[in-house]
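This report describes a ligand and the pocket around it, followed by two features of the backbone. Please keep the structure in view while reading.

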Amino acid sequence: MTRLIFLGPPGAGKGTQAQILAQHLNIPHISTGDILRQAMKEQTPLGIKAQSYVDSGELVPDQLVQDLVEERLGQADATSGWILDGFPRKVTQAAFLEELLQKTGQGGERVVNLDAPDEVVVTRLLSRGRKDDTEEVIRRRLEIYRNDTAPLIDYYSDRQKLVTINGDQSQEEVTHELKHTLAS
Ligand code: AMP
């Protein structure tokens with residue numbers, strides 16, 4: 001049973017690595033960003049509420065993402081494990097998740113901190129070309145990462161759940177290191 005949370009700055013390669021690993025382990029890759037972008041494309045009530053936050057690089061209100069995560073983790077395919085990518089992004093969300101996993105008996109999660117320096121992630125993001133990948137929005141997302149999300153490194157380290165992987169390597173090297181670390 002594998003339950004993994006991917007932490008790290010935008011552009012560190014979380015999405016790519018989470019997807020590869022989820023396929024390898026045959027468990028769902030749950031990206032809150034992907035779910036929000038899909039909802040925005042379909043203009044669902046969630047998508048309409050999330051739009052202005054996502055476009056400007058701000059965090060969507062906790063309640064919206066917490067509800068969607070609770071709903072997604074309750075689906076049948078999540079009983080065999082999951083990889084969460086992009087959630088939690090704040091201590092309040094981490095506390096919510098901790099309680100949810102306790103309540104639903106889904107503990108034993110591990111947290112991968114995929115780290116990479118700012119200049120590397122900015123270069124990667126600028127070449128990705130997503131709508132929220134303009135220089136100004138990238139700068140804002142990095143600032144939010146440092147202020148709100150980076151404290152989760154200590155949060156999970158204190159709980160002995162954290163492993164750190166150097167994201168400033170080729171995609172293949174990161175995948176190799178991840179598989180090796182998670183097997184131990
Ligand atoms: P991502 O694809 O993970 O880079 O997320 C893209 C955008 O979706 C973020 O910049 C936020 O606006 C929003 N988002 C994704 N996950 C969360 C979350 N856990 N909490 C708040 N906002 C989120």
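## The ligand and its surroundings

By class, the shell around the ligand is made up of seven nonpolar, four polar and five charged residues. The model is a predicted one. Of the 16 residues around the ligand, those that come nearest are Thr 32, Arg 37, Glu 58, Gly 86 and Gln 93.

Which element supplies the largest share of the shell around the ligand? That share, four residues, comes from α2.

Three arginine side chains each place a polar atom at a short listed distance from the ligand, as the table shows.

| Residue with the polar side-chain atom | Ligand atom | Distance |
|---|---|---|
| Arg 37 | oxygen | 2.9 Å |
| Arg 89 | nitrogen | 3.0 Å |
| Arg 130 | oxygen | 3.3 Å |

Taken alone, the ligand exposes 480 Å², and the protein buries 95% of that area. Two elements give two or more residues to the shell around the ligand, namely α2 (32–41) and α3 (45–56).

## The largest pocket

Rolling a probe the size of a water molecule over the atoms reveals where empty space is left. In this model, the space taken by the ligand is the largest pocket. About 920 Å³ of space lies in the largest pocket. The pocket is lined by 47 residues, and the closest to its centre are Pro 10, Lys 14, Arg 89, Arg 128 and Arg 130. Arg 89 and Arg 130 also appear in the table, with polar side-chain atoms 3.0 Å from a nitrogen atom and 3.3 Å from an oxygen atom of the ligand, respectively.

Several elements give two or more residues to the lining of the largest pocket. The strands are β1 (2–7) and β2 (29–31), and the helices are α1 (14–25), α2, α6 (118–128), α7 (135–149) and α9 (171–183). By class, the lining of the largest pocket has 17 nonpolar, 19 polar and eleven charged residues.

## Two features of the backbone

Most residues other than glycine have a negative phi, and most peptide bonds are trans. Where does the model depart from these habits?

The peptide bond from Phe 87 to Pro 88 is cis, with omega near 0°. Pro 88 belongs to the loop between β3 (81–85) and α5 (91–103).

Asn 26, a residue other than glycine, has a positive phi, near 55°. Asn 26 is found in the loop between α1 and β2.

Technical notes. Residues are numbered from 1 along each chain as its sequence is written. This is a predicted model: local features need pLDDT of at least 70, side-chain atom pairs count only at pLDDT 80 or more; totals for chains, interfaces and linings use all residues. Side-chain values use heavy atoms; hydrogens and water are left out. A residue is near a molecule or strand if one of its heavy atoms lies within 4 Å of it. A polar contact is a pair of N or O atoms within 3.5 Å; within protein, one must be able to donate a hydrogen and the other to accept it, and residues adjacent in sequence count only if both atoms are side-chain atoms. Accessible areas come from the Shrake-Rupley method with a 1.4 Å probe; for residues, only the protein chains shown count as cover. On a 1 Å grid over the protein atoms alone, a cavity is a set of points where a 1.4 Å probe fits but cannot get out, and a pocket is an open set with protein on both sides within 12 Å along at least five of seven lines; lining residues have an atom within 4 Å of a point. A molecule sits in a cavity or pocket if more than half of its atoms lie within 2 Å of its grid points. Ala, Val, Leu, Ile, Met, Phe, Trp, Tyr, Cys and Pro count as nonpolar, Asp, Glu, Lys and Arg as charged, and the others, Gly among them, as polar. Grid points are joined across faces, edges and corners, and a volume is the space filled by probe spheres set on the points.
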